[in-house]
Amino acid sequence: MSTLVTPRRLLDRSGVVRLRREGAIPPIGAFLLFLLVYVIINPSLLTRFQLQTAVNLVVPLALVALGQLIIVLVGGIDISIGATMSLANVVFASQTESLPTAVAMVLALLVGLACGVFNGLLVAYGGLPAIAVTLASAFIFGSLAREVLDRPGGDISKEFYLATSGEFVPFVPIALVWLAVVAVLLWLLLQRTALGRHIYGVGSSMDSVRAAGLDDRRTTLIAFGLAGLVTAMGAILLAGSTLTGDPRSGDSYLLSSIAAVALAGAAFTGGRGSIIGTILAACTLGLIGNLLFFAGVNSYWQYVISALIIVAVVGVPVVWRMLSFRMKGGRS
Amino acid sequence: MTTAVDAAPETSSGRSVLARVPRPVWPLLAFVVLFAVGGLIRPNLVSVDSLIGTATFALILSIASFGQTVAVIQAGIDLSVPNTIGFAALSFLAWVGPLGPVGAFVAALLSGALIGLVNGVVIAKLGLTPIVTTIAMNGLLFGAILLAFNFSELTVVPDFVIGLTSAKVEILGVQMAAVLPLGLALMLVLQLVLSFSGWGRSLFVVGSAAETARLAGLNVDRIRISGYLLSGVLAAFAGIVIVGYYQQASATMGANYLLSSVAAVVVGGASIFGGRGSVVGTVGGALVLGQVSTLVTVLNLGANIQQLIYGVIILVVISLYGRRSTA
């Protein structure tokens, strides 16, 4: 990163190859197409108010999807991610009533980290399947969230709203800045540190990682903890944009975070998935309802269309491979 | 299928005897223990009425989890169960007018079959993972539900479905809701199919070792697709049963069954990696969850604590026999 980023370097073939290997090309293409259609139908997206609303809508989903991505990279899946989000959300919102906002934030982040570590310990050191562990902790974290705050509430200050969901500088929605900071840090961690390569390694070839003498359990644990931390950031930004804490706020993010990771082309067997693809996939899924609204279509179509986009983007390359394999086989 | 490996035949230690106990026995045993614990805390809990109450709740959850059991046995998962339940329930009520009760019943089951068929074809032929495919299907169905029914209230439930579910029947002098014998009968039929039909056996083989099954000449794709098809039909049936019992339907009526259907299957002793599980076990798992719910209500602990205990039970169960065999 210390080297000069020239346009030439940006177009560096290896970068594109990496994006392709990580399955990021289809979601990037889908997002660009989607954005084009969106701006044609509703050019006022680019006005300050609409852009900010749209960003506040998709940033929490993008962060939670990044959390899910990290788990998927190590070959797991997090069924408890919605409950983790609800718990961090209500801890933050309820603690702002008595504590300084910064302390409440740290508490919420610690709660997210603790949730991740809880799952990670059971998966990495208990040898239990991630899907079953996180199914159990989904019940546990969800229950704790409703213990902390049994109905929407909390006291989030106007200043915090401005700092997380307002406009930092004119025309730049601040939530986007926070997302960018998290994404860049995560990208640096995953692509430029040994730990990051271990995370990809554990997911793609556990045996090789073990044979190389690396500690796959510790890596898995760190991945779960990291995912919990990123999920908690999503929860805090969600609280900032809705100005409340809600013990059920994370529920809808369970399925949509998995959908975003799937749309990003990540492999659910682990080892493949890109950050930029996940963020853009989350943007696409999060904004479909808005697009339909401006197009004058019943926004309930968003569920149908999201499903079709996922199947198309994930399925078309598979069908393509199958067809080309058959054609090649026929020729030889 | 249900018993562990017949390993160490000569050392008839206590351990290997325990390993030979069929798995569905454990959740049923756990239920009996919980029932006894309930009796120690509140003696009046040991009554036929209390048992019937818990069993009714458990059988409704079981019916919703039977399809999930079939999906898990063949190493899949069906996250489209919630909205298949909702879709089948709402369309059943909507179709009663034009098609008549029986016609609507058959049509709703057929729609479940179609949902399962699409899931199965996408998973088996396109090779998408079960989680992604069924989540996409779940979303698609939610859209379909909202577009077709738009939160409209449908409350007219035909008599014959009420007769199948919420009407009181008397068996051996005990009054119970019809859904209880219905669920037990369905369990019996499904367990016989899973244990003794060639198709049922092959479902387990595909679930534990798909590649081996392929090499052995089984049509893996067809078995997978038919497994998801059955899962869809059973979820649709669950939707009709739930409508019959509670006599109301809404767009989000299936939401609770997303996690709890998987929970009943896992507590029932199925392996989340496939190849192992039984519908008898699932009923046992649902009974355990149901008895916990009864105890929580009696002890006045609140619905939150119930969810917490569900989580702990799942953790205990998977740490007892959910470990990867290779790890």
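1. Surface. In this predicted model, the accessible surface of chain A amounts to about 14,900 Å². Carbon and sulfur atoms contribute 68% of that area.

2. Burial. Of the 332 residues in chain A, 52% are buried.

3. Overall dimensions. A compact globule of 332 residues would have a radius of gyration near 20 Å, and the value for chain A, 20 Å, therefore agrees with that expectation. Along the principal axes, the C-alpha atoms of chain A occupy a box of roughly 70 × 50 × 45 Å.

4. Secondary structure and contact order. Chain A comprises 15 helices and 2 strands. Among contacts in chain A with a separation of 6 or more, 76% join residues that lie 24 or more positions apart.

5. Charge distribution. The side chains of chain A include 21 positive and 14 negative ones. The centres of these two sets are 18 Å apart.

6. A residue for closer inspection. A:Asn119 belongs to helix 6 of chain A, which spans residues 101-125. Is A:Asn119 buried or exposed? Its relative accessible area is 1%, so A:Asn119 counts as buried, the cut-off for that class being under 20%.

7. Surroundings of A:Asn119. Which residues does A:Asn119 contact, leaving aside its neighbours within four places in sequence? Two of these partners, A:Asp78 and A:Ser80, precede helix 6 in numbering. The others are A:Val133, A:Thr134, A:Ser137, A:Phe141 and A:Phe224.

Note on methods: Residues are numbered from 1 along each chain as its sequence is written. Chains are lettered from A and ligands numbered from 1 in the order in which they are written. This is a predicted model: local features need pLDDT of at least 70, side-chain atom pairs count only at pLDDT 80 or more; totals for chains, interfaces and linings use all residues. Side-chain values use heavy atoms; hydrogens and water are left out. Helices (H or I, at least four residues) and strands (E, at least two) are DSSP runs, numbered from the N terminus. Buried means under 20% relative accessible area, exposed over 50%, partly exposed in between (1.4 Å probe, protein chains only). Contact means heavy atoms within 4.5 Å. The radius of gyration is taken over C-alpha atoms; the globule rule is 2.2 Å times the number of residues to the power 0.38. Accessible areas come from the Shrake-Rupley method with a 1.4 Å probe; for residues, only the protein chains shown count as cover. Lys and Arg count as positive and Asp and Glu as negative; His and the chain ends are not counted. The place of a charge is taken as NZ of Lys, CZ of Arg, CG of Asp or CD of Glu.
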